[in-house]
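Colleague: Could you take me through one part of this model slowly, and then show me what surrounds it? I'd like to start from a single spot in a loop and work inwards.

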Amino acid sequence: MNFVEHIMDHLRSGHVNNYPQPIALNLGLAYTVKLEDRKTNLIWLPFEYTGLAYIDMGQLVNVHPYYRGVIIEEIELSRGSDLHKPQTEEAFIKAIFLKSLEFHQLLQNGKYAELQGSSPDFLAKMLYIADWLRYYNSAITVGAGKRLG
């Protein structure tokens, strides 16, 4: 299963009810909220609103960086119909590093100057996201136990 999109299956299945209020995941290690458009789910770490935006296209999902409260739609970290989208953690980290140059150019061109961000800051936070996704993807749900007696 795709390393980046695994969480979207949980959101679609209703295990996580994240509309309209943000909710904490894994004891507050990350947060999620579904936006008013009912298609976009944000996953962010509990600092500076930085994470991933999952845009649900029906059967497909596009994933963009969510950096300092803004969805950077010019950068795609995973596109639903892309046969070469990152399937593993290593491929996702490689994609983050390759896209960081595009992100740096967006910051230099002034469109996102008000964010006062930087490419090293973006990379560090995306690596935290990769760490959290590894944790989330490896966690198992323990079902309700049966009562004895």
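What is the relative accessible area of Pro22, and does that make the residue buried or exposed, or something in between?

Modeller: Happy to, and please keep in mind that this is a predicted model. Pro22 has a relative accessible area of 45%, so this residue counts as partly exposed. Pro22 belongs to the loop between H1 and S1. Setting aside residues up to four places away in sequence, Pro22 touches Thr32, Val33 and Trp44. For a sense of scale, take Asn109, which is 87 residues from Pro22 along the chain: the C-alpha atoms of these two are separated by 32 Å.

Let's step back from that loop to the helix before it. The buried residues of H1 are His6, Ile7, Met8 and Leu11. Their cover includes strand S1 (23-25), strand S2 (30-34), S3, S4, S5 and H3. After H1 comes Gly14, with a positive phi near 90 degrees.

Ile7 is a good residue to follow inwards. This residue lies in helix H1, and with a relative accessible area of 1% Ile7 is buried. Not counting neighbours within four places in sequence, Ile7 is in contact with Leu25, Ile43, Tyr54, Trp132 and Tyr136. Ile7 and Leu133 are 126 residues apart in sequence, yet their C-alpha atoms are 8.2 Å apart in space.

That brings us to the interior. The largest nonpolar core has 33 residues, and those touching the most other members are Leu52, Tyr54, Ile72, Phe92, Trp132 and Leu133. At least two residues of this core come from each of helix H1 (6-13), strand S3 (40-45), strand S4 (50-56), strand S5 (61-67), helix H2 (89-108) and helix H3 (119-138). H3 contributes the most to this core, with eight residues. Look next at Trp132: leaving out residues up to four places away in sequence, Trp132 touches Ile7, Leu25, Asn26, Leu29, Ala30, Ile43 and Leu45. There is also a second, separate core of five residues, among them Val33, Trp44, Ala53 and Tyr66. Two of those names should look familiar, as Val33 and Trp44 are also among the residues that Pro22 touches.

Now for the charged side chains. Side chains of opposite charge can pair when their charged atoms come close. In this model there are eleven salt bridges. In one of them, Lys111 pairs with Glu74, and their closest N and O atoms are 2.4 Å apart. This pair ties together distant parts of the chain, 37 residues apart: Lys111 sits in the loop between H2 and H3, and Glu74 in the loop between strand S6 (70-71) and H2. With 35% relative accessible area, Glu74 is partly exposed.

Another salt bridge joins Arg134 and Glu89, with 2.6 Å between the closest N and O atoms. Here too the partners come from distant parts of the chain, since Arg134 is in helix H3 and Glu89 in helix H2, 45 residues apart. The two ends fall into separate accessibility classes: Arg134 is partly exposed at 39%, whereas Glu89 is buried at 17%, because buried means under 20% relative accessible area.

A third pair stays within one helix. Lys99 and Glu102 meet through their side chains in a salt bridge of 3.6 Å, N to O. They are three residues apart in helix H2, so about one helical turn separates them. Lys99 is partly exposed, with 21% relative accessible area, and Glu102 is partly exposed too, with 33%. Beyond such pairs, Glu48, Arg68, Asp121 and Lys125 are joined into one network by salt bridges that share partners.

One last stop is an open space. The second largest pocket holds about 160 Å³. It is lined by 13 residues, and Leu77, Asp82, His84, Lys85 and Pro86 are the closest to its centre. By class, the lining of this pocket comprises five nonpolar, two polar and six charged residues.

To come back to your starting point: Pro22 is partly exposed and sits in the loop between H1 and S1, while Ile7 in helix H1 is buried.

Conventions:
Residues numbered from 1 in each chain as written. Predicted model: local features only at pLDDT ≥ 70, side-chain atom pairs only at ≥ 80, totals over all residues. Heavy atoms only, no water. 1 Å grid on protein atoms, 1.4 Å probe; cavity = no way out; pocket = protein on both sides within 12 Å on 5 of 7 lines; lining within 4 Å. Points joined across faces, edges and corners; volume = space filled by probe spheres on them. Nonpolar A, V, L, I, M, F, W, Y, C, P; charged D, E, K, R; others polar. Core = buried A, V, L, I, M, F, W, Y, C linked by side-chain atoms within 4.5 Å. Buried < 20%, exposed > 50% of the residue type's maximum accessible area, 1.4 Å probe, protein only. Helix = DSSP H or I, 4+ residues; strand = E, 2+ residues; numbered from the N terminus. Contact = heavy atoms within 4.5 Å. Salt bridge = Lys/Arg side-chain N within 4 Å of Asp/Glu carboxyl O.
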